[in-house]
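Please open the model in a viewer and follow the stops below in order. Each stop names a selection and then describes what is found there.

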Amino acid sequence: MNEQLQQALMDRLVAMADDEVILGHRDSEWTGHAPILEEDIAIANIAQDELGHALIWYELAEPYTGNDADSMAFFRDARQFRNVQMVELPNGDWAFTMLRQYLFDAYEMALLTRLMTSQYAPLAEAAEKIRREEIYHFRHSSIWVERLGLGTEESHARMQRALDHLWPYALQLFRPMPLDAHLVEAGFFPDPDQLQTAWQDVVLPHLKNADLTPPDAEPIYAHRHHHTEHLVDLLADMQLVARSIPKAVW
Amino acid sequence: MSEEKTYEEKLAEFEARIQRGEKIEPGDWMPDEYRRQLIRMISQHAHSEVVGMLPEGAWIPHAPTLRRKMILIAKVQDEGGHGQYLYHAAESLGVDREELIAALLAGKAKYSNIFNYPTLTWADIGMIGWLVDGAAIKNQTMLAHSSYGPYSRAMVRICAEETFHYKQGKEMITIYAKGTPEQRQMAQDALDRWWWPALMMFGPPDSQSIHTKTLMRWKVKIKTNDQLRQEFINEIVPEFLALGLKIPDPDLHYDEETGNWVIGPIDWDEFWRVIRGNGPMNRDRLEARRRAHEEGAWVREALEAYAQRQRQASMN
Amino acid sequence: MTRDTQWPRWEVFKQDRPDRPHEAVGTVHAPDADVALLNARDVYVRRPSCYSLWVAPESAVFKMTAYELETTPNWWKEDLPEEAPEETYHIFNKQTQRRSMVAVTHVGNIQARSSREALRKAIDSGQFVEKIAYMWWVVPESAITRSNEEDVPSMFEPAEDKTYRDQSYYTGSVFARRSQRRPEDIRLS
């Protein structure tokens, strides 16, 4: 692997890990506050899975970053995170949370399906394992989008509002990272444009079935090192204890 | 088929079944008092699990490693699951979850006092797992032998899962007691604050416990509050001392004759004050539950409306 | 505000391994069968192991205890039209008083025209009980929604990777051994 390919691989692995850790953190904030006990349990399951996936991606990146997963999650500042902005936004209501989860799950399904044939074997192996859990997440969030979209006038209005807000952010998932071309060329990572097409082919009909219409809005096309101020707050929460006694074993 | 039996005959038969070690199942005849006591106990227990998600859930965002974060989410999730199992056991007695939750949110139902104390440092999470869940396990292990089938089954399931809660907490405190000076201080501070509330979890002393006698006669409970409390103290005191932690009780001593660790007086005034709603976190806990319930109402209604339409569509 | 809803209850039947029967593990609340199946997974398969889940509306499950059978004269009597169609009924019962986390275990199927008739046939056949049954449940096949074999990798196998929720993942005993409880036996670790 040449240096540029290594750098590209590391960037992507860290980006995937950062997406998962930040989304997992947001999901876990619902534990104890969900609309019904069964969903407290369901969202806690999803949160654990996402954090588990973050751990896998960070560990795959470790030979290149030189840092273990906890150093990556707890000892970097907002400017160093490479997650998309969608996952750092505050949870909002249950409509916002479920729709964000759905848009992200659909992206992960498209991504992982392609990573299973990645020429970088560790990536292919990890993708296969992670995808099993994602199939379940996607099933869960698809069911919820349909029901909330079609449920009552209120639930539909909340879902449409969430979609209006989230859609431009979701498109940031498909913005290529600066060195992606090397990964695509090596067959390590799918072409982000193709990924977007595959994602839209799944998401658009499902949203339509749920009576939801994506807005005609400019995508958020920021690079992954640009963040909202919400990430700063999130990291202050997340890193509070770890940074209070930096050398400690927990 | 014989004539309808008298109440006394049914009661005698019921008590004989319990003496034989049979489980009473939903649908079986049972005295109204047995049903009433079970609904009271089981629903309090269910509420405790659900409210109990809050003090620990508050630290999920701050967990210091990814592993600890996943463990804590899993643990709080289990508590939700335990609440779910217990509401199920209560429902088998003819009440429904809607009314049980309404009573909780209206401040009419009790739940364990312990959850009205605040979690103030990360070490509290370890101490709750070890000390508080340790106390809970003593109680739950007993209740797994309860004469009411659904309650006993819920408890067997809960006990199997609760051991994980206990062990992850013990692992944390063991590490922190031997860790940096700050960690050690956190662990001691957590023990100082949680020790007495944890001992109160076993309930008022036998002399003041109004329900114990009936509950033991019908094998809903097998041991008294004081018996369980003493067993627990004997088991856990040596463990803390071995880590070099101090028990916040100047009167604590070992009694050679009985083999018991004997504690000083428990502040029962505080116990009753917290039960009456004046603990440090009572108002906040209920408010958090109310908010989740109210903000979730549109969600529950939406899914119900969707399901109703689907049913109608499939009938046409 | 309208009346609160916690959604209807569904009985959950879990099969640990392909060679084991389904067992009644408890209920979940859910608005419909699809959600009930997911909720059953999230509530009852947080830990291994599971091979198959069934859910059925609680209202569709016919339950009789031995005590009820004994004390309800003519419990099997009902107005059933002669031409009522037969269907498959699943028979579950409980044959032990040992401590357990399941209510009843699947013991077989019966063709019948109603749950009551299925139970009467099941009891009369004598083939579903060794000594005594303390509790019987009957569930019509048409009321059951089930996971299928393709669901196993995504619904049930991931629980095996969450090793941190298993108590054996942690070292140390649950409580101090009796011999270590006296002050002179305590060693600072």
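Select helix α7 of chain B, residues 149-177, in this predicted model. Of the 29 residues in α7(B), 24 are buried, so the helix is largely enclosed by the rest of the structure. From its first C-alpha to its last, α7(B) reaches 41 Å, close to the 42 Å expected at 1.5 Å a residue. Now centre the view on E161(B), where α7(B) has a kink of about 30 degrees.

Next, move to helix α1 of chain B, residues 7-19. Its 13 residues should span 18 Å at 1.5 Å a residue, and the end C-alpha atoms are indeed 18 Å apart, which agrees. Select G21(B) as well: just after α1(B), this residue takes a positive phi of about 85 degrees.

**Chain B as a whole**

Widen the selection to the whole of chain B, which contains 13 helices and 2 strands. Its C-alpha trace spans about 70 × 55 × 35 Å along the principal axes. Why does a radius of gyration of 22 Å agree with a compact globule for chain B? For 316 residues a compact globule would have a radius of gyration near 20 Å, so the 22 Å of chain B agrees with that value. Colour chain B by burial, and 51% of its 316 residues come out as buried. Of the contacts in chain B with a separation of 6 or more, 75% are between residues 24 or more positions apart.

**From chain B to chain C**

Show chain C beside chain B. Here 47 residues of chain C are in contact with 52 residues of chain B. Which elements of chain C each supply at least two residues to the side that touches chain B? They are β2 (23-29), α1 (33-44), β4 (62-65) and α2 (66-71) of chain C. Colouring this side of chain C by residue class gives 21 nonpolar, 13 polar and 13 charged residues.

Remain in chain C and select strand β5, residues 87-94. Because 6 of its 8 residues are buried, β5(C) is largely enclosed by the rest of the structure. Add strand β6 of chain C, residues 105-112, which pairs with β5(C) in the antiparallel sense over 7 bridges. To find the register of this pair, display N93(C), which stands opposite T105(C) in β6(C). Then add strand β7 of chain C, residues 135-140; β5(C) and β7(C) run antiparallel and are joined by 6 bridges. In this pairing, K94(C) stands opposite M135(C) in β7(C).

**From chain B to chain A**

Return to chain B and show chain A. At this interface, 42 residues of chain A are in contact with 37 residues of chain B. Six helices are worth selecting in turn on the side of chain A that touches chain B: α1 (3-28), α2 (37-65), α3 (69-74), α6 (121-150), α7 (153-170) and α10 (229-244) of chain A each supply at least two residues. Which of them gives the most to this side of chain A? It is α2(A), with 12 residues. By class, the residues of the side of chain A that touches chain B are 24 nonpolar, 11 polar and 7 charged.

**Chain A and L234(A)**

Display chain A alone: it has 10 helices and 0 strands. The C-alpha trace of chain A spans about 55 × 45 × 30 Å along its principal axes. A compact globule of 250 residues would have a radius of gyration near 18 Å, and chain A has 18 Å, which agrees. Buried residues account for 52% of the 250 residues in chain A. Among contacts in chain A between residues at least 6 apart in sequence, 80% join residues at least 24 apart.

For the last stop, select L234(A), which lies in helix α10 of chain A. Is L234(A) buried or exposed? L234(A) has 24 C-beta neighbours inside 10 Å, so it counts as buried. Leaving aside its neighbours within four places in sequence, L234(A) is in contact with I22(A), H25(A) and E88(A). Draw the C-alpha to C-alpha distance from L234(A) to E88(A): these residues are 146 apart in sequence and 7.5 Å apart in space.

Key. Residues are numbered from 1 along each chain as its sequence is written. Chains are lettered from A and ligands numbered from 1 in the order in which they are written. This is a predicted model: local features need pLDDT of at least 70, side-chain atom pairs count only at pLDDT 80 or more; totals for chains, interfaces and linings use all residues. Helices (H or I, at least four residues) and strands (E, at least two) are DSSP runs, numbered from the N terminus. The radius of gyration is taken over C-alpha atoms; the globule rule is 2.2 Å times the number of residues to the power 0.38. A residue is buried if 20 or more other C-beta atoms lie within 10 Å of its own, exposed if 12 or fewer, and partly exposed in between; C-beta atoms are placed from the backbone. Two residues are in contact if their C-beta atoms, placed from the backbone, lie within 7 Å. The expected span of a helix is 1.5 Å times one less than its number of residues. The bend at a residue is the angle between axes fitted to the seven residues ending there and the seven starting there. Ala, Val, Leu, Ile, Met, Phe, Trp, Tyr, Cys and Pro count as nonpolar, Asp, Glu, Lys and Arg as charged, and the others, Gly among them, as polar. Two strands pair if DSSP finds at least two bridges between them.
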